[in-house]
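This report covers a sheet and the helices that go with it. The sequence and the model are shown below.

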Amino acid sequence: MIKIQQIHHVAYRCRDAKETVEWYQDKLNMEFLVAIAEDRVPSTKAPDPYMHLFLDAGNGNILAFFELPNSPEMGRDPNTPEWVQHIAFRVADEAALLEAKEELERKGVEVVGPTEHGIIGSIYFFDPNGHRLELTYVKGTPEQMQQLKAVAPAMIEEWSKTKRAPKHAAWLHEEEFKALD
């Protein structure tokens, strides 16, 4: 039986490996761990030079990027809103989130939020490759997390039939949407 222990790394494409490493070091204080480069892809054996870089995202988590100079310029899926695909990093608490927002803005990064998600609080911004990033802190209680886990099967069943948002967990964003009512 497969038993996943943790995500080893998540890999994304970047436009410029050096710029990406420097941005993550400067803006998010990530340590540059490893660079791997080959003229052929080890798994497929295809001739396709690449630079593969790995950054420390804390607690054994690794964020990786590939620069592919012989491939067409990278883009994004035009049918998926830019807010959907993102990388979320956890910070300790609300104070750390607000400090991070101030630091990022001092470093010239445009930040959206904080946004209230009931069990977490988040800020959002983009890296130089156009990848949306999120910093978040967890504030949900064990009871809230258990409640969400308990309603998840019913929510997915309702969604699969109606394609409308089930209201089992609508309490998560009540504060965020209060101003719209």
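G108, just after α2, takes a positive phi of about 85°. This is a predicted model. At the N-terminal end, α2 is capped by D93, which places a side-chain oxygen 3.3 Å from the backbone nitrogen of A95.

Helix α2 has 13 residues, which at 1.5 Å a residue should span 18 Å; the end C-alpha atoms are 18 Å apart, so the two values agree.

Which residues of α2 are buried? They are L97, A100, K101 and L104. Because these cover an arc of only 105° around the axis, they sit on the same side of α2. E99, E102 and R106, on the other side of α2, are exposed. The buried residues pack against α1, β6, β7 and β8.

The sheet is open and has four strands in the order β5-β8-β7-β6, with mixed pairing. Its edge strands, β5 and β6, each pair on one side only. From one strand to the next, the twist averages 25°. Strands β7 (residues 120–126) and β8 (residues 132–138) run antiparallel and are joined by seven bridges. One bridge partner pair is F126 with R132 in β8.

Both helices below are placed relative to this sheet.

| Helix | Residues | Strands | Angle |
|---|---|---|---|
| α1 | 17–28 | touches β5, β7 and β8 | about 30° with β8 |
| α2 | 94–106 | lies across β6, β7 and β8 | about 15° to β7 |

Helix α1 thus packs on the sheet, and the buried residues of α2 pack against α1 as well as against strands β6, β7 and β8.

Terms used. Residues are numbered from 1 along each chain as its sequence is written. This is a predicted model: local features need pLDDT of at least 70, side-chain atom pairs count only at pLDDT 80 or more; totals for chains, interfaces and linings use all residues. Side-chain values use heavy atoms; hydrogens and water are left out. Two strands pair if DSSP finds at least two bridges between them. Helices (H or I, at least four residues) and strands (E, at least two) are DSSP runs, numbered from the N terminus. Axes are lines fitted to C-alpha atoms, for helices over the stretch in contact, and angles run from 0 to 180 degrees between N-to-C directions. Contact means heavy atoms within 4.5 Å. The expected span of a helix is 1.5 Å times one less than its number of residues. Buried means under 20% relative accessible area, exposed over 50%, partly exposed in between (1.4 Å probe, protein chains only). The arc is that of the directions from the helix axis to the C-beta atoms. A polar contact is a pair of N or O atoms within 3.5 Å; within protein, one must be able to donate a hydrogen and the other to accept it, and residues adjacent in sequence count only if both atoms are side-chain atoms.
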